[in-house]
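Biologist: Please show me the model, and I will ask why things are called what they are called.

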Amino acid sequence: MEPKNAMNQPLSVPPILREKAKENEPSRRIARVLHRWIAFADRNFHEWDHRPNAGYFMDGAYWYGMETSLPMYIYTVLAAFGDYDETLSGVPRERLRDRAIASLRYLCFTHDTGPEDCVRPSGKNQYNSGNKWGGKHAPFFQATQTGSSVVIVAFTAWVFWNELDEETRLMAERLVISYAERWSQVEPRDGSFYDTQSEENAWTATGILAAVTLFPDHPERARWQDAYLKWNINSATVSHDRHNQTEYRGAPLREKWIRTSTLFPDYTTENHGMVHPNYVASAISFRSVYCILTFMQGASLDETVLWNNNNVYEKTIKLWTQFDGLPIPIQSQDWWYNRQHDALLVHTCMNVVHGNADAARLEQTTMATIEGLQASHSTGCLLEEDGEQYAISPKDFQTAKDFESLSAYTLALSYMLHLFGGPGVAPSDDQEMRERLSRVYTYPYGSVAISRTPDSFSSFSWRNRVMALTLPSKGLWTITPMENSYIGKVVFADDGKAEITPSIGGLVTEIEDTSHMIKASEQGFSTVASISHGEGRVRQKIAFVALPNGNSIYVEQFTIVAPCRIAAMYTGLIGVRNEKYSALPELAPGRRSIHVGGRVERFSGFFGKEDDTTRRFPPVPFVNVDDQIGYILFGTNGIRYDNRHRYPKWKAIEDCLVLNEREAAEFKGGETLPPFVVVTLPNRTAAQTKEALNQFVLLESSVVGTVLVEMDGGLVFANLLDRKQQLTGSRKLATSASPSIRVYDGRTCITGGEYTWSFEAAGRQAGFIEHNCTLESQQMGSAELEIVRSTGCIAFVNLSSTQHFHGLLQLAGSPPLPIQLAPGSGTAIRQQ
């Protein structure tokens, strides 16, 4: 007998076109990882003795039913579709089917629509233990988030429909329909700041999609479908979409379908109080479920359902993605760093559904890392062995073990996209893609600027998390986006708060001056900002310049505004990744060699077992991390390295390097501390960093609040003052066989064996002036010259009353030009 719905009509579910499921190389590659993961998951299945043929995964009482629904999806997929390799999993395929159905029954019994006496067992989560799931009495966020489990219940019921008894079919029907009925009567939510509604709208849409897919003949399906479309489209909307007059299903988009802005106009958005790659891409991830369910029926995709997928991917996610396919968290990460599994789903969807060749390339590199991570573990897990020891969100009872199923679920979605959607398009050439994407990108609403080269990445964030970042070619595997990277922290002796260490606490979320701006070019950017600490008692002026060659320069200067006692200042703050994954020795060897001046110390990376250790070093001219990235330092008070093993909240094995540690001090107010400058050199060995010391000169500045650094290729200036200022910097002339000076825009003076350059800069401005003009002379050490360079002209004056001057001017792209000056004379030349 067919189960009956509320209107006493026989239910019917659509056929699955199983013949459409065809293995290909990408699907097989993912399947191998999933087969190995089954060996891990199956040890965590438990029979539930309150009803026959029912069981759950983990402790059965995680959030939103996901501890059981997510592995149930994977078991269903591997039991019903594609090739299966029992030699990898050690689990017979029949057991996958049986445990998928047992999980389905458990979820149906313990849902709000199930029998009252059926509740979840007691587990570590005190909020869920002994309760039902489904969110019947929960607020919007918790109630709608069950949508992910609802659609998985529908999927499993659909796949095994003909094998289910009437009781299970009826329970699945009630569960799925209850969600659609409840949330089809509610409008999508609006918002992009702090906690975007993009994700909430997306998971709500996906929960409603369950009923739309499973019951095509239900009399309420048309209403559910309209609701699904609204919630889904509004998971990725920008402000100008609300004016779109395009006709869709009988009504203009702006009148019926789009009522929100869940993304900023630059296609970023915020979740957890920051621009968060995992949530920027949430609409793409959830829409992959729609694509799979549509492919399984042999139907065509509705392009409007994929609204703004391309814009989000092309303008944000792809541009932030490093070599291994992982999007860089440009305002830090509050989850864990190894989220390649989530990233794979986004790249796969963009490859298979949208035909994006760059996504196809990034999918391949992401998959290689996923394979390496799993191969480093003996249990088949994806994240960490003994994952229950790795606390990710202690207040929510979440550990790395709890997120195993989510990681595997995203892999299973990628697998199904390939299985039913095909292998995708031919991938881009890796080097060509890196070079093509190398430029500057600014996000005025997300409050971030980034600069890419083929083998480095720099960024600056001025809101949510004030931080700068420069990464070498191995990206987050070497250096991490620690909160307030470079900017650091000021700890006051009278804070009375929880202990603040370089890596924990003391978060800086906003800059002080609202007039701050980014000055960007094709190949770099610069910025100046002011940060207030201790309720205005201390002001930190900073500048950050990302250079065309991938190097960067960070400048800071502190002003003590009011009397205060400082416990410590930790600036030049750098997160250092120190993982050990045996199958990824080139990325995670389990130790870091830290070169501090002329000495080297090695620090092992591991979790737990020992307490953290701290090493302090006196001021040195340079530091290098593991022959991968160098830091040239001017004005440091000392170096600190925290080799961390204890993590109240785990993201990775992440050490902390402080390039400028100032210990306790008491200030009267009115003091200005000397500037501190970091020149960051990605992809340099320790020997190369030491060799580069001679290539960077901190000019002696005559005005407090201004900094000038000369280097091969040009000069970086920073005016930290609020006003327009004549910047002046000087240095002794180098003695060499062929003495030369660089001639920049502005005024250059040579006198008494000293070089002085001056230039007028606007208040709160920093920048890079490229070197393209050199003056050579054997007389440089005794010369008395004034040179003024401005647009189209270079003027020379010999200030000596007795000495002739003979030199050779070399302008880029022009032949050498002799400069002959009699005592007291001058000349001017035109430049192209």
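Modeller: Start with the rings: Phe460, Tyr486, Phe525, Phe544 and Tyr554 form one aromatic cluster. This is a predicted model, in which local features need pLDDT of at least 70 and side-chain atom pairs count only at pLDDT 80 or more, while totals for chains, interfaces and linings use all residues. Residues are numbered from 1 along each chain as its sequence is written, and side-chain values use heavy atoms, with hydrogens and water left out.

Biologist: What makes two rings a pair, and how many aromatic pairs are there?

Modeller: Rings of Phe, Tyr and Trp (its six-membered ring) pair if their centres lie within 6.5 Å; planes under 30 degrees apart are stacked, over 60 edge-to-face, and the rest tilted. The count by this rule is 36 aromatic pairs.

Biologist: Why is the pair of Phe717 and Phe759 called tilted?

Modeller: The centres of Phe717 and Phe759 are 5.6 Å apart, with 55° between the planes. That angle is neither under 30 nor over 60 degrees, so the word is tilted. The pair links distant parts of the chain, 42 residues apart: Phe717 belongs to strand S32 (residues 714-719) and Phe759 to strand S36 (residues 754-761). Helices (H or I, at least four residues) and strands (E, at least two) are DSSP runs, numbered from the N terminus.

Biologist: Are these two rings buried or exposed?

Modeller: Buried means under 20% relative accessible area, exposed over 50%, and partly exposed in between (1.4 Å probe, protein chains only). Phe717 has 4% relative accessibility, so Phe717 counts as buried. Phe759 has 21%, so Phe759 counts as partly exposed.

Biologist: What makes you say that a charge sits over the ring of Trp477?

Modeller: The rule asks for NZ of Lys or CZ of Arg within 6 Å of the ring centre and within 35 degrees of the ring normal. The charged end of Arg577 is 4.5 Å from the centre of the Trp477 ring. Arg189 lies over the face of Phe140 too, at 3.7 Å from the ring centre.

Biologist: What makes a group of residues a nonpolar core, and how many residues has the largest one?

Modeller: A nonpolar core is a set of buried Ala, Val, Leu, Ile, Met, Phe, Trp, Tyr and Cys residues joined through side-chain atoms within 4.5 Å. The largest has 198 residues, and those with the most contacts inside it include Tyr73, Met416 and Leu657. Helix H16 (residues 404-421) gives the largest share of this core, 11 residues. A second, separate core of 28 residues includes Leu733, Tyr744, Met780 and Leu785.

Biologist: Which residues does Leu657 touch?

Modeller: Contact means heavy atoms within 4.5 Å. Leaving out residues up to four places away in sequence, Leu657 touches ten listed partners, among them Gly572, Val623, Tyr631 and Tyr641.

Biologist: Why is strand S26 called largely enclosed?

Modeller: Strand S26 (residues 654-662) has nine of its nine residues buried, so the rest of the structure largely encloses it.

Biologist: How do you know which strands pair with S26?

Modeller: Two strands pair if DSSP finds at least two bridges between them. Strand S19 (residues 564-577) pairs with S26 over eight bridges, in the antiparallel sense, and Tyr570 stands opposite Glu661 in S26. Strand S25 (residues 639-643) is joined to S26 by three bridges, also antiparallel, with Asp642 opposite Cys656.

Biologist: What makes S29 and S37 edge strands?

Modeller: An open sheet of four strands runs in the order S29-S31-S32-S37, with antiparallel pairing. Strand S29 (696-698) and strand S37 (765-770) each have a single partner strand, so one side of each has no neighbour in the sheet. Three bridges join S29 to strand S31 (residues 706-711), where Glu710 is the bridge partner of Val697.

Biologist: Why is the phi of Glu535 worth a remark?

Modeller: Most residues other than glycine have a negative phi. Glu535 is not glycine, yet its phi is near 55°, a positive value. Glu535 lies in the loop between strand S16 (524-533) and strand S17 (538-546), and has a relative accessible area of 83%, so Glu535 is exposed.
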